[in-house]
Every structure is written in C-alpha cells, then in structure tokens.
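I set out to keep a short record of what I looked up in this model, strand by strand and residue by residue. The entries follow the order in which I went through them.

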Amino acid sequence: MINILFVCHGNICRSPMAEFVLKDMVKKRGLEKEFFISSAATSTEEIGNGVHRGTREKLKQYGISTEGKYAVQLKKQDYQKYDYILAMDKANVRNIQRIVGEDSQNKVHLLLYYAEKNRDIADPWYTGDFDKTYDDIVEGCNAFLNKIL
C-alpha cells in the first residue's frame, strides 16, 4: 500500500482538494485498494471544520464528493506513517519540517515538484480562484501518479 498525505495551512481548501482529486484518479484506474490517501493542516486554525464551500463546489462539478472530511492537524508520527508528504506551498514545507523534524527519508515535496514546476499552488482561501487551484492540483496529481506508477 502506498500512503500519501497532502498538506496545506488549514486543511479546508487545497489539501482536501488534492486528496479527493487523487482518490478519484486512483479509483478510475481501479487502484484504490493500493493507496491510502489523506490530508492534514500545519495549523490548528480550522481543526474540526469541514471542507471550504469553494472546494466542495469545484469538486462537485466533476462528481467528486468530500463528504465526511474534517480538518485535522499533521502530527510528528505521520512522518513514519506516510510514504509521500506533499505540500501545497513552500511555507507548508517549512511548517511540515517544524512539526515532523528532519526529512531524512526525502518524503516531503511540493506537489508541483512532480510536474517539474518549482512553485506554490495558490491558496484559494485568499485568492478566491478555486479554478486555478484545481487546475494546478490536477496537473500535480497526474504527474505524481504517473511518476510513482
């Protein structure tokens, strides 16, 4: 089983979007039993809150549900649990390392690293642009899935 954790600041916009996009991609390939995919926050601000309305509405356009997802915080022990810890931006990478410690197994990367783009995925909580965030996440998830398969 391949264990993947997506991480953003609050776990209500980008990281759950990536979680459910990748779950959908894996399911469509008939590989859902080979993956465990989740998401978490580096902050405590949104813990227990549901997925942001903008993310829910964007994913609904593609028949993807986020039902049952509530924000959780990244924990130090998650480093051992997951094979890949994929951050949405460089600040997330710094905060992940602050929480889990040294990335001795090279598990922590920007999601767009797999699409050979060294840039952040903009936070739609601030930008309001869930379309652009979705496009970046789909690009990153496709590239990631193709690289690991």
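Entry 1, strand pairing. I began with Val7, which stands opposite Ala40 in β2. The model is predicted, and I read this pairing, like everything below, as a property of the computed coordinates. Looking at the two strands as a whole, I found that β1 and β2 pair in the parallel sense, over seven bridges.

Entry 2, burial of the strand. I then asked how many residues of β1 are buried. Six of the seven are, so I noted β1 as largely enclosed by the rest of the structure.

Entry 3, Leu5. I placed Leu5 in strand β1, which spans residues 2-8. Is Leu5 buried or exposed? Its relative accessibility is 2%, and because buried means under 20%, Leu5 counts as buried. I also looked up its distance to Ser39, which is 34 residues apart from Leu5 along the chain, and found their C-alpha atoms separated by 5.0 Å. Leaving out residues up to four places away in sequence, I listed the contacts of Leu5, which include Ser38, Ser39 and Ala40, as well as Leu74, Asp78, Tyr82, Tyr84, Ile85 and Leu86.

Entry 4, the nonpolar cores. I looked up the largest nonpolar core, which has 33 residues, and noted that those with the most contacts inside it are Phe6, Val21, Leu22, Leu111, Ile137 and Cys141. The elements that give two or more residues to this core are β1, α1 (14-28), β2 (35-41) and α6 (130-148). The largest share, eight residues, comes from α6. Apart from this core lies another, of 14 residues, among them Ala40, Tyr82, Ile85 and Val108. As background I wrote down that nonpolar side chains in soluble globular proteins tend to be buried together.

Entry 5, Phe6. Again not counting residues up to four places away in sequence, I found that Phe6 touches, among others, Ser15, Ala18, Glu19, Leu22, Ile37, Leu86, Met88, Leu111 and Cys141.

Entry 6, Asp103. I finished in the loop between α4 (90-100) and β4 (108-110), where Asp103 lies. Which side chain of opposite charge is nearest to Asp103, given that this residue is buried yet has no salt bridge? I found that it is Lys107, at 7.2 Å. The side chain of Asp103 does, however, reach the backbone nitrogen of Lys107, at 2.8 Å. Beyond four places in sequence, Asp103 touches Tyr79, Gln97 and Val108.

Notes:
Residues are numbered from 1 along each chain as its sequence is written. This is a predicted model: local features need pLDDT of at least 70, side-chain atom pairs count only at pLDDT 80 or more; totals for chains, interfaces and linings use all residues. Side-chain values use heavy atoms; hydrogens and water are left out. Helices (H or I, at least four residues) and strands (E, at least two) are DSSP runs, numbered from the N terminus. Buried means under 20% relative accessible area, exposed over 50%, partly exposed in between (1.4 Å probe, protein chains only). Contact means heavy atoms within 4.5 Å. Lys and Arg count as positive and Asp and Glu as negative; His and the chain ends are not counted. A salt bridge is a side-chain nitrogen of Lys or Arg within 4 Å of a carboxyl oxygen of Asp or Glu. A polar contact is a pair of N or O atoms within 3.5 Å; within protein, one must be able to donate a hydrogen and the other to accept it, and residues adjacent in sequence count only if both atoms are side-chain atoms. A nonpolar core is a set of buried Ala, Val, Leu, Ile, Met, Phe, Trp, Tyr and Cys residues joined through side-chain atoms within 4.5 Å. Two strands pair if DSSP finds at least two bridges between them.
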